[in-house]
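Please open the model in your viewer, with the sequence panel alongside, and keep a selection tool at hand. The stops below go from the overall fold to individual side chains.

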Amino acid sequence: MKYIETQTLPSLGHAEVRIIAHTPEAARAVAEALRRCFAGAEQRSYPGLDGDTRLHLSVDTATPAGPAARSWLAAGRTPVGTGAHSNEI
């Protein structure tokens, strides 16, 4: 089932990240990696419909978390598979 989610955009310099994983541990591992790159992460976790875990983060993309994050972000790697997934609009 496809649906369009209407939400207000995060403030300038911030991003809302949605993680869907089979286990809470997997979702937390991804969230931890993001926290190492970006400052200001706020985490909210929800059970999914099929027993999965859904974790939502708010990150400050304007403030890298540390020196390692700054060098990685400055490299400006081109993302693989750019564009929306088939279930996204």
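## The whole chain

Begin with a cartoon of the entire protein, in which two helices and three strands can be picked out. The model is a predicted one, and its elements, when read along the sequence, follow the pattern β-α-β-β-α. Switching to a surface view shows about 7000 Å² of exposed area, of which carbon and sulfur atoms supply 58%. Of the 89 residues in the protein, 19% are buried. Considering contacts between residues at least 6 apart in sequence, 54% join residues at least 24 apart.

## Stop one: the core

Which residues make up the largest nonpolar core? Select Ile19, Ala21, Ala27, Ala31, Cys37, Phe38, Leu55, Leu57 and Val59, the nine residues that form this core. Two or more of these residues come from each of strand S1 (14-21), helix H1 (24-37) and strand S3 (53-64). As a general background to this view, nonpolar side chains in soluble globular proteins tend to be buried together.

## Stop two: helix H1

Now isolate H1, whose 14 residues reach 20 Å from the first C-alpha to the last, close to the 20 Å expected at 1.5 Å a residue. Within H1, colour Ala27, Ala31 and Cys37, which are buried. These residues lie on the same side of H1, because they cover an arc of only 110° around the axis. Turning to the other side of H1, you will find Glu25 and Arg36, which are exposed.

Keep Arg36 displayed and add Glu32, since the side chains of these two residues meet in a salt bridge with an N to O distance of 3.6 Å. Glu32 and Arg36 are four residues apart in helix H1, which means that about one helical turn separates them. Arg36 counts as exposed at 59% relative accessibility, whereas Glu32, with a relative accessible area of 34%, is partly exposed.

## Stop three: other charged pairs

The salt bridges in the model number six, and two further pairs are worth displaying in turn. Select Arg18 and Glu16, which form a salt bridge whose closest N and O atoms are 3.4 Å apart. Arg18 is partly exposed at 38% relative accessibility, and Glu16 is likewise partly exposed, at 36%. Adding Arg44 to the selection completes a network of salt bridges that links Glu16, Arg18 and Arg44.

Next, select Arg54 together with Asp52, a salt-bridged pair in which the closest N and O atoms are 3.5 Å apart. Is Asp52 buried or exposed? Asp52 is buried, having a relative accessible area of 12%, while its partner Arg54 is partly exposed at 28%.

## Stop four: Thr53

Finally, centre the view on Thr53, which is found in strand S3. Thr53 counts as buried because its relative accessibility is 7%, and the cut-off for buried is under 20%. With which residues is Thr53 in contact, leaving aside its neighbours within four places in sequence? Show Ile19, Ile20, Ala21, Thr23, Pro24, Ala27, Ser45, Tyr46 and Gly48 around Thr53 to see these contacts. Three of those names were also selected at the first stop, since Ile19, Ala21 and Ala27 belong to the largest nonpolar core.

Definitions and conventions:
Residues are numbered from 1 along each chain as its sequence is written. This is a predicted model: local features need pLDDT of at least 70, side-chain atom pairs count only at pLDDT 80 or more; totals for chains, interfaces and linings use all residues. Side-chain values use heavy atoms; hydrogens and water are left out. A nonpolar core is a set of buried Ala, Val, Leu, Ile, Met, Phe, Trp, Tyr and Cys residues joined through side-chain atoms within 4.5 Å. Buried means under 20% relative accessible area, exposed over 50%, partly exposed in between (1.4 Å probe, protein chains only). A salt bridge is a side-chain nitrogen of Lys or Arg within 4 Å of a carboxyl oxygen of Asp or Glu. The expected span of a helix is 1.5 Å times one less than its number of residues. The arc is that of the directions from the helix axis to the C-beta atoms. Contact means heavy atoms within 4.5 Å. Accessible areas come from the Shrake-Rupley method with a 1.4 Å probe; for residues, only the protein chains shown count as cover.
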